[in-house]
Amino acid sequence: MPLIIAIDGPAAAGKSSVARALAKKLNLLYLDSGSLYRAMAWKVLQKGIDPSYQSEVENFCHDLNVIAQHGGQVFVNQEDITHFLRLTDVTRLSSLISTYAGVRQKLLKIQRTLAQAGAVMEGRDIGTVVFPDANIKFYLSADLAVRGERRYQEMLAKGIACDLKTVTDEINKRDDSDKERAVAPLKPAPNAVIIDSTALSLDEVIDQMLQQINNR
Ligand code: CDP
């Protein structure tokens with residue numbers, strides 16, 4: 001059985017940074033499932049499909065072959081589209097199309113294939129739906145204000161013009177939609193280890209997770 005470590009939680013809780021660090025320490029593949037939803041959203045945008053037409057979006061996404069590589073590079077039908085994944089419109093659209101069952105179904109298969117040799121995988125439904133039998137599941141969260149500030153600083157560091165309130169409101173809205181959707185909503189798996197990173201540094205979160213992993 002390949003080793004699967006699932007890390008779920010709301011936006012900007014620090015999942016990517018800890019998942020990447022754990023994967024490196026444990027010599028496992030790192031997979032960011034959000035990047036797959038973002039990749040689909042980018043192609044829908046580029047194609048100019050009205051995203052409110054669910055079946056049209058689902059049919060279009062059905063024919064896309066999305067691959068995420070260790071390190072975060074993402075390819076759709078062999079085209080490297082990594083550069084577009086963090087655009088504001090892509091973020092917004094990823095949240096909408098992630099409510100579509102057909103899109104999730106397609107990505108479910110892709111995620112299971114990508115992680116077949118084991119992975120540290122982060123997302124919203126990894127421990128609940130994608131890998132319900134994962135060896136260990138974490139649910140990483142933090143207060144909204146802290147997550148807003150972290151995402152704001154990340155965007156500033158990337159040179160993206162933004163303001164703290166808009167960034168915080170945007171992640172709050174996306175979290176609500178992710179928690180309330182009918183298909184694969186964001187919630188802790190029943191057996192997940194819950195970590196609140198509000199007052200913890202990145203290293204402290206990683207240490208807590210490593211301790212839990214070593215205990216098993
Ligand atoms: O990086 P950030 O936490 O802001 O978001 P992300 O992980 O890149 O995910 C973008 C969006 O994709 C989320 O807001 C969800 O709507 C969707 N998503 C999902 O539904 N299921 C996943 N396993 C991962 C992401």
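**Figure 1. Polar contacts between the ligand and charged side chains in the predicted model.** In this predicted model, the side chain of Arg-181 places an N or O atom 2.9 Å from an oxygen atom of the ligand. The protein covers 98% of the accessible area of the ligand, which amounts to 530 Å² for the ligand on its own. The side chain of Arg-174 also has an N or O atom by a ligand oxygen, here at 2.7 Å. For Asp-125, the partner on the ligand is a nitrogen atom, 2.9 Å from an N or O atom of the Asp-125 side chain.

**Figure 2. The shell around the ligand.** The ligand occupies the largest pocket. The shell consists of 19 residues, of which Arg-38, Arg-104, Arg-151, Arg-174 and Asp-178 come nearest to the ligand. Helices α2, α4 and α8 each contribute at least two shell residues. Helix α2 spans residues 33–47 and gives the largest share, 4 residues.

**Figure 3. Salt bridge between Arg-151 and Glu-154 in helix α7.** The side chains of Arg-151 and Glu-154 form a salt bridge, with an N to O distance of 3.0 Å. Both residues belong to helix α7 (residues 144–157); because they are 3 residues apart there, about one helical turn separates them. Arg-151 has a relative accessible area of 13% and is therefore buried, the cut-off being under 20%. Glu-154, at 36%, is partly exposed. Arg-151 is also one of the residues that come nearest to the ligand.

**Figure 4. Salt bridge between Lys-165 and Asp-169 in helix α8, with a network of three further residues.** Lys-165 and Asp-169 are joined by a salt bridge whose closest N and O atoms are 2.6 Å apart. Their spacing of 4 residues in helix α8 (residues 164–180) corresponds to about one helical turn. Lys-165 is exposed, with a relative accessibility of 56%, while Asp-169 is partly exposed at 38%. Elsewhere, Arg-124, Asp-178 and Arg-181 are linked into one network by salt bridges that share partners. Of this network, Asp-178 is among the residues nearest to the ligand, and the Arg-181 side chain has an N or O atom 2.9 Å from a ligand oxygen.

**Figure 5. Salt bridge between Arg-92 and Asp-89 in helix α4.** Side chains of opposite charge can pair when their charged atoms come close. In the pair shown, the closest N and O atoms of Arg-92 and Asp-89 lie 3.6 Å apart, and the two residues form a salt bridge. Helix α4 covers residues 88–97, and within this helix Arg-92 and Asp-89 are 3 residues apart, so about one helical turn lies between them. Arg-92 is partly exposed, at 48% relative accessible area. Asp-89 is likewise partly exposed, at 45%. The structure holds 9 salt bridges, and the pair shown is one of them.

**Figure 6. Ala-161 in the loop between α7 and α8.** Ala-161 is located in the loop that lies between helices α7 and α8. With a relative accessibility of 77%, Ala-161 is exposed. For reference, the C-alpha atoms of Ala-161 and Ser-94 are 21 Å apart in space, and the two residues are 67 residues apart in sequence.

Notes:
Residues numbered from 1 in each chain as written. Predicted model: local features only at pLDDT ≥ 70, side-chain atom pairs only at ≥ 80, totals over all residues. Heavy atoms only, no water. Salt bridge = Lys/Arg side-chain N within 4 Å of Asp/Glu carboxyl O. Buried < 20%, exposed > 50% of the residue type's maximum accessible area, 1.4 Å probe, protein only. Near = heavy atom within 4 Å. Polar contact = N/O pair within 3.5 Å; in protein donor to acceptor, adjacent residues only side chain to side chain. Areas by Shrake-Rupley, 256 points an atom, 1.4 Å probe, with all protein chains shown as cover. 1 Å grid on protein atoms, 1.4 Å probe; cavity = no way out; pocket = protein on both sides within 12 Å on 5 of 7 lines; lining within 4 Å. Sits in = over half its atoms within 2 Å of the grid points.
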